[in-house]
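Visitor: Please choose one part of this chain and take me through it closely. Set the scene with the whole first, then go down to single residues.

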Amino acid sequence: MAHTLKFQQVDVFSSAATQGNPLAVVSAADDLTDAQMAAFARWTNLSETTFLLRPTHPEADYRVRIFTTTRELPFAGHPTLGSCFVWLDDGGAAKAQEVVQECGAGLVRIRRDGSRLAFCAPPLLRSGPVEDEVLTSLVAGLGVRREQIIGSQWADNGPGWVAVMLASREEVLAIRPDYAALKGLNVGIVAPWTGPDAEADFEVRALTGDLNAEDPVTGSLNASLAQWLIPAGLAPRQYTTRQGTVLGHRGRVSIEQVGDQIWVGGEVQTCIAGSVTL
């Protein structure tokens, strides 16, 4: 049986449409099968496609399922903000001051911060030092010297991120990844952006080894980077990042630590609105 459902394609982490990270969102998708969701996500060919459903947890306002072109994710950042934006645009009303999203990783809190939305970063599933054999793959896959990596950490909150820090933005932008050498690793790269022309505090890149592609702007990675950098004294409690530069995007992510919680924020724009029949 075919279902005609409300659909939006939004741009996340940018104040100007087409400069952030696109997300496809299907509303009221409770009657779709897993196979239908996976097939539509493959067809959109975006980094993620999400489906809004009725919540199953009493504290949640809505439930979301997040699909890449190859698998379902328990959590991802730009799909969280984009899905919340669409849910609110559909007329969703939160039970409390903050919106509560239910996803595979559990409950995620989202707040409105002026024109931005911000999510509370979920706990890391894996942290700690990076093994020597993984670092060897990173050096080969990123085409850098071992001494250029001034810090590294597992920073996995769902997608499997391993993070490295370089000394300069120029080094980050110069990387031309060898995905075969990365052996399926999902790699986050970060470096300070210094100088009078700096438009953010850090430059970030996200290389998704399971898709052999670079993600334009990545909320989950920025969340996990903050959970590494701030406690380690490598970043202040409030900062901004630029991401997507190599791809011609101008994504901007805002990070703020409040108490022991990390909030990851950005703006969302609607690019396409209509319906889809599945």
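**A close look at strand 14 and its surroundings**

Guide: The chain exposes about 11700 Å², and carbon and sulfur atoms supply 50% of that area. Accessible areas here come from the Shrake-Rupley method with a 1.4 Å probe, and for residues only the protein chains shown count as cover. This is a predicted model, in which local features need pLDDT of at least 70 and side-chain atom pairs count only at pLDDT 80 or more, while totals for chains, interfaces and linings use all residues. Residues are numbered from 1 along each chain as its sequence is written, and side-chain values use heavy atoms, with hydrogens and water left out.

The whole comes next. The chain has 6 helices and 17 strands; these are DSSP runs numbered from the N terminus, with H or I over at least four residues for helices and E over at least two for strands. Its radius of gyration is 18 Å, close to the 19 Å of the globule rule for 278 residues, so the chain is as compact as a globular protein of that length. That radius is taken over C-alpha atoms, and the rule is 2.2 Å times the number of residues to the power 0.38. The C-alpha trace spans about 55 × 40 × 30 Å along its principal axes.

Now burial. Of the 278 residues, 55% count as buried. Buried means under 20% relative accessible area, exposed means over 50%, and partly exposed lies in between (1.4 Å probe, protein chains only). Contacts are next: taking those between residues at least 6 apart in sequence, 63% join residues at least 24 apart. A contact means heavy atoms within 4.5 Å. Charge completes the overview. There are 22 positive and 31 negative side chains, and the centres of the two sets lie 1 Å apart. Lys and Arg count as positive, Asp and Glu as negative; His and the chain ends are not counted. Each charge is placed at NZ of Lys, CZ of Arg, CG of Asp or CD of Glu.

Now the chosen part. Strand 14 covers residues 238–243, and Arg242 sits in it. Strand 14 runs antiparallel to strand 15 (residues 251–258), joined by 6 bridges. Two strands pair if DSSP finds at least two bridges between them. Across that pairing, Arg242 stands opposite Arg252. Arg242 is a charged residue type by the counting rule, yet it is buried, with a relative accessible area of 8%. What does Arg242 touch, leaving aside neighbours within four places in sequence? Its contacts are Trp193, Glu199, Ala200, Phe202, Glu203, Val204, Arg250 and Gly251.

Tyr239 also belongs to strand 14. At 3% relative accessibility, Tyr239 is buried. Setting aside neighbours within four places, its contacts include Asp201 and Phe202, then Asn222, Leu225, Ala226 and Leu229, and Val253, Ser254 and Ile255. Tyr239 also has a distant reference point: Ser15 is 224 residues away in sequence and 17 Å away in space, C-alpha to C-alpha.

Several of those partners lead to helix 6. Helix 6 covers residues 219–229; 10 of its 11 residues are buried, so it is largely enclosed by the rest of the structure. Asn222, Leu225, Ala226 and Leu229 are among the buried residues of helix 6.

Go on along the strands. Strand 15 also pairs with strand 16 (residues 261–266), antiparallel, through 5 bridges. Ile255 stands opposite Val264 there. The hairpin of strands 15 and 16 has 2 residues between the strands, and in it Gly259 takes a positive phi near 65 degrees.

Two other positive phi values are worth setting beside that one. Phe13 has a positive phi of about 70 degrees although it is not a glycine. It lies in the loop between strand 1 (4–12) and strand 2, and Phe13 is buried at 0% relative accessibility. Lys183, also not a glycine, has phi near 55 degrees. Its loop runs between helix 5 (179–182) and strand 11 (186–192). Lys183 is exposed, at 66% relative accessibility.
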